[in-house]
Amino acid sequence: MVNKDLEIAESIPMKPIKDVASSIGISEDDLEMYGKYKAKVSSSLYHSYVDQKDGKLILVTAINPTAAGEGKTTTTIGLADGLTLLGKKTVGALREPSLGPVFGLKGGACGGGYAQVVPMSDINLHFTGDMHAITTANNLIAAVLDNSIYQGNPLQIDVNRIVFKRCLDMNDRTLRNITIAQGASTNGVERKDGFVITVASEMMAILCLATDLKDFEQRVSRMIVAYDVNGNEVRVKDLGCEGAVSIIMKDALKPNLVQSLEHTPFFIHGGPFANIAHGCNSIQATKFALKLGDYVVTEAGFGADLGAEKFLNIKCRAANLKPDAIVLVATIRALKMHGGVVKDQLNKENIEAMLQGCSNLEQHMASLESFGLPYVIAINQFACDTKEEINALEAWCKKRHVDVSLCNGFEEGGKGMLDLANKVVTLCEKESTFTYTYALEDSIEEKITKIAKTIYGADGIELSDEAKEKIALYTKMHYDNLPICMAKTPNSLSDQKDLKGKPEHFKIHVRDLSLSNGAGFIVCYTGKVLTMPGLPKDPAAMHMGVNEEEQIFGLF
């Protein structure tokens, strides 16, 4: 029986991070140490490798998540360890966890069992302070904006057309819609405002998409914060605080280096949610990894309908990347839930429900095939999976002529991932033609429609009046050539979270859009998706603590 994740993570000795760095050619002089086991890598190091050939890029994605758990991060880490066991020089690239889910419901983002990145508790909590820097930088802009209005409003900002929000890296639903500057006139100009969670902020997206500090500052300067009384854009450069923002962010922009339990190097940098942001780790971290490793394993958040779609249509465009192979993770438990089984019945064998739930897997297969990239299905094995269920799922996959691999990284680490590792190596040698879902020249409505039909399997889209107005505005402003970042529930292919499997004859309801000019995309809000989550009735925070020896308990 496998112990709890934190107990496992703390039971296996870590290597000093300088030794992990040395294994991929990074000297101690190029590290900025944060204790013995985590470090930031000098931004200038990349330039010494710029002419070196990139390694193979492997993207790990999954079916729509369920309460049964899919183990996408566990599979990513286990695969990297498996490739290392094969003698391949391997580097991983992951996102940083958000404190919101850590103390809420979903949990962290460090894998599980014997396929984890460490130091796990540090990574899931304050890590190297990147989240705090992003929050502070974002809120500095908000403070300067409101101060400008208070100090005579020289930019003639229309207080009813402010589009920039404050942020906090915590699930706090009470901050979604607030009124600021109440009371005395010395408190500022009273107006409606709101918060988003830090990982959904444009500042987070810019950190992940910027190529260096100069590019970061230029992107920040382009951020639209409001409109003036004549309808003209007001940008951060008009406020004049982009330099101060860059000072706050200069260290946060440097990728973080840690290790797996089997000492495979991992860059962990940036942490945008994939349901309300673009869901990928930073371009800088990925490009560092590609120069330093022969194989790079990365993941994109939630299912392939969100994280993978954005990785391929947004990040790959911005960074000129092309994955060599994709791993599509599924579990028998999750497929049974997509087939109608409730959570407390998942341990019982139910081949019929599992095969019915495969409709969800089949849609994700179709969407990945639309990109023209080779992929393999990874069955992340649970102890309750029966031999008959495994055989039935493998037969289902083989009938559709797709590679499939049974994985057990949770209990066996890299050793339990060797079959998948071998198949990925073979896939990486295949020729492929990468095709985007839409062209940038398509209209905004055409792009959204193509995503809805090709990726989700929808019949089309329905636009609210507000969405139509925003499309007309952004087209008039000549921003219609930007990529689309869909904000949608991760729990369903549709925009209704309770519709499992592969819904039939549905449309995607687009209620609003927003422009992230610094990041370089348009966010499209569908259904009831929220940019500031709330805590569940019984938050994980209620079951955590620190003992007299300063050992954390209750963190996974």
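Here's a quick tour of the cores, the empty spaces and a handful of individual residues in this structure. Keep in mind that this is a predicted model. The largest nonpolar core counts 136 residues, and there is a second, separate core of 39 residues. As for empty space, the second largest pocket holds about 1300 Å³, while the largest cavity comes in at about 60 Å³.

**Nonpolar cores**

- If you want a way into the largest nonpolar core, I26, I141, F267 and L361 are the residues with the most contacts inside it.
- Take I26: leaving aside residues up to four places away in sequence, I26 touches A21, L31, V41, L45, L257, F267 and L292.
- F267 turns up twice here, as a contact of I26 and as one of the residues with the most contacts inside the largest core.
- The second core is separate, has 39 residues, and includes I268, V327, V376 and V425.

**The second largest pocket**

- This pocket encloses about 1300 Å³ of space and has 45 residues in its lining.
- Heading for the centre of the pocket, you'll find I162, V163, K165, S514 and Y525 nearest to it.
- Strands that each bring at least two residues to the lining are β7 (157–162), β10 (191–193), β11 (195–197), β12 (224–228), β22 (507–516) and β23 (521–526).
- Helices α7 (202–209) and α19 (465–476) also supply at least two lining residues each.
- β22 provides the largest share of the lining, with 6 residues.
- Sorted by class, the lining has 24 nonpolar, 13 charged and 8 polar residues.

**The cavity**

- The count of cavities of 30 Å³ or more comes to 1.
- The largest cavity has about 60 Å³ of space, and of its 13 lining residues E96, L125, H126, F127 and M131 are the closest to its centre.
- Helix α6 (residues 130–150) makes the largest contribution to this lining, namely 3 residues.
- The cavity lining splits into 6 nonpolar, 4 polar and 3 charged residues.

**Buried residues worth a click**

- L373 sits in the loop between α14 (351–370) and β18 (375–380), and with a relative accessible area of 5% L373 is buried.
- Around L373, the contacts beyond four places in sequence are L312, K322, P323, I326, L368, S432 and F434.
- L373 and K430 are 57 residues apart along the chain, with 9.1 Å between their C-alpha atoms.
- S492 belongs to the loop between β21 (484–487) and β22, and S492 counts as buried because its relative accessible area is 1%, under the 20% cut-off.
- Setting aside residues up to four places away in sequence, S492 touches N64, D305, K497, L499 and P503.
- T449 is part of helix α18 (residues 444–454), where T449 is buried at a relative accessible area of 18%.
- The T449 side chain reaches back to the backbone oxygen of E445, at 2.8 Å.

**An exposed loop residue**

- K537 is in the loop between β23 and β24 (545–546), and its 88% relative accessibility makes K537 exposed.
- From K537 to P255 you cover 282 residues in sequence and 35 Å in space, C-alpha to C-alpha.

**Backbone oddities**

- V118 and P119 are joined by a cis peptide bond, with omega at about 5 degrees.
- P119 lies in the loop between β6 (115–118) and α5 (120–124).
- N153 isn't a glycine, yet its phi is positive, at about 50 degrees.
- You'll find N153 in the loop between α6 and β7, and at 19% relative accessibility N153 counts as buried.
- E550 isn't a glycine either, and has a positive phi of about 65 degrees.
- E550 sits in the loop between β24 and β25 (552–553), where E550 is exposed with a relative accessible area of 70%.

Conventions:
Residues numbered from 1 in each chain as written. Predicted model: local features only at pLDDT ≥ 70, side-chain atom pairs only at ≥ 80, totals over all residues. Heavy atoms only, no water. Core = buried A, V, L, I, M, F, W, Y, C linked by side-chain atoms within 4.5 Å. Buried < 20%, exposed > 50% of the residue type's maximum accessible area, 1.4 Å probe, protein only. Contact = heavy atoms within 4.5 Å. 1 Å grid on protein atoms, 1.4 Å probe; cavity = no way out; pocket = protein on both sides within 12 Å on 5 of 7 lines; lining within 4 Å. Points joined across faces, edges and corners; volume = space filled by probe spheres on them. Helix = DSSP H or I, 4+ residues; strand = E, 2+ residues; numbered from the N terminus. Nonpolar A, V, L, I, M, F, W, Y, C, P; charged D, E, K, R; others polar. Polar contact = N/O pair within 3.5 Å; in protein donor to acceptor, adjacent residues only side chain to side chain.
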